[in-house]
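I opened my notebook on this one with a few lookups in mind: pockets, the DNA side, and one sheet. My entries follow.

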Amino acid sequence: MSNITIISNEKNWIEQTAINQLEALANLPGVVQTVGLPDLHAGKSPVGAVVVSEDVIYPHIVGGDIGCGMGLYDTGIESRKFKLDRWVTKLSNIRELADIQTDNPYEEPSPIYDLGTIGGGNHFVEFQVVDKIYDKEVCMALQLDEAMLMLLVHSGSRGYGQSILNTYDNPQGLAADDEQVECYLTEHDNAVLWAARNRKIVVNKLLAYLGYTPRPKKLIDCQHNFIERRGDRFIHRKGAVSAERGPIIIPGSRGSLTYVVEPTKNTAMAAFSLSHGAGRKWARSLCKSRIRNKYDRDTIRQTKLKSRVVCHDTDLLFQEAPEAYKNIDTVIDSLLQFELINVVATLRPVLTYKG
DNA sequence: ATGTAC
């Protein structure tokens, strides 16, 4: 078995199923390094995982949502002008983002059928305000202005990435000299590109819908499902972010803070990768029964941070409740303990929209 | 996660 590194500490619980899944990946032919980040949890393929291989790629490790990631935008609107009740009402009037017209501003036709939508599951759009600045210099370099309202988009390549996986998926992987590898990686790169474009389009149309001239400024956009070619190696990241592309965003749940962090230079032991979020703690199927008596259909739409969430699917709100996720502070503590990050700032959610 | 598979 290739070497496995688990980035975690005694306070950060990781389910055994996820570890077993990670070990299975470490045993695949050609795998030379495997990392479980503190947000590791079980999935079709484990999430919060990094798999480094030689001479072979495994499209199924990355999965169907190629290019999925987090885009953090400055809305151009001052936080003090945020209108909670008015925006909640406005957003409640649309059933999904597809109800707002989408214009493709790019020359090529979009390979994403549902351009301008975020999809379901754990995807979201969230207005956030700056909670605390920890590193003024990095914030200056990022142009992160504490007076401004932020918009964080979590979405991916929608059906497009899935269609790419369907074309190239093979449990044996693809040998690096197989001509299919270049074809897959070309399409993969296009999915990464269009997933990021999609996040930007969502920001623009949402601001326009709320009545603002959209002039958002991209602060950070980091994908967490993708393959990076690094020399003769391939770094598969599933729910894991590159630590070599500047500061990244690690959101908690809708009921906790989002962290902006800067990678240190010590990330080789983590295959140059960092966490993508808090990580799921409860299986979707268990959530509703566990917290049903704690909430009703109104209170599940508010959080202890006094933020609100607009979503027409009440079942999904239970599946995505803050309780279903690990404590983001514990995840951050693990990364700090391994000296993989420095905290730059924290952001506080004020209004979340889910499809 | 999915213009939601069987």
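How much space lies in the second largest pocket? I read about 320 Å³. I kept in mind that this is a predicted model.

**Entry: second largest pocket**

I listed the lining next. It has 20 residues, and the closest to the pocket centre are Ser253, Gly255, Ser256, Lys304 and Pro322. By class I noted eight nonpolar, six polar and six charged residues in this lining.

**Entry: largest pocket**

I then turned to the largest pocket. About 1100 Å³ of space lies there. I found 47 lining residues, with His41, Val47, Asn122, Lys238 and Arg284 the closest to the centre. Two elements each give two or more residues to this lining: β6, residues 124-133, and α5, residues 158-168. Which element gives the most? I got α5, with four residues. The class split of the lining is twelve nonpolar, 22 polar and 13 charged.

**Entry: DNA strand B**

Which residues are around DNA strand B? I wrote down Lys44, Tyr113, Asp114 and the run Gly119, Gly120, Gly121, Asn122 and His123. I added Arg158, Gly159, Gln162 and Arg284 to complete the set. Asn122 and Arg284 were already in my notes, among the residues closest to the centre of the largest pocket. The element α5 came back too: the largest share of the surface near the strand is from α5, with three residues.

I sorted this surface by class. It has one nonpolar, seven polar and four charged residues.

Which part of the strand faces the protein? I looked at the atoms of DNA strand B within 4 Å of the protein. Of these, 62% belong to sugar or phosphate, and the rest belong to bases.

I then pulled contacts to phosphate oxygens of DNA strand B.

- Arg158 puts a polar side-chain atom 2.5 Å from a phosphate oxygen of the strand.
- Gly120 has a backbone N or O atom 2.6 Å from a phosphate oxygen of the strand.
- Arg284 has a side-chain N or O atom 3.4 Å from a phosphate oxygen of the strand.

**Entry: the sheet**

I moved on to the strands. Five of them form an open sheet with mixed pairing, in the order β1-β2-β3-β11-β10. Why do β1 and β10 each have one side without a neighbour in the sheet? β1 (3-6) and β10 (225-230) stand at the edges with a single partner strand each, so one side of each is left without a neighbour. I also took the turn between neighbouring strands: 15° on average, direction ignored.

I checked one pair inside the sheet. Strand β2, residues 31-41, runs antiparallel to β3, residues 47-54, and six bridges join them. I picked out one bridge: Val35 is partnered by Val50 in β3.

How values were computed. Residues numbered from 1 in each chain as written. Chains lettered and ligands numbered in written order. Predicted model: local features only at pLDDT ≥ 70, side-chain atom pairs only at ≥ 80, totals over all residues. Heavy atoms only, no water. 1 Å grid on protein atoms, 1.4 Å probe; cavity = no way out; pocket = protein on both sides within 12 Å on 5 of 7 lines; lining within 4 Å. Points joined across faces, edges and corners; volume = space filled by probe spheres on them. Nonpolar A, V, L, I, M, F, W, Y, C, P; charged D, E, K, R; others polar. Near = heavy atom within 4 Å. Polar contact = N/O pair within 3.5 Å; in protein donor to acceptor, adjacent residues only side chain to side chain. Pairing = 2+ DSSP bridges. Axes fitted to C-alpha atoms, helices over the stretch in contact; angles between N-to-C directions.
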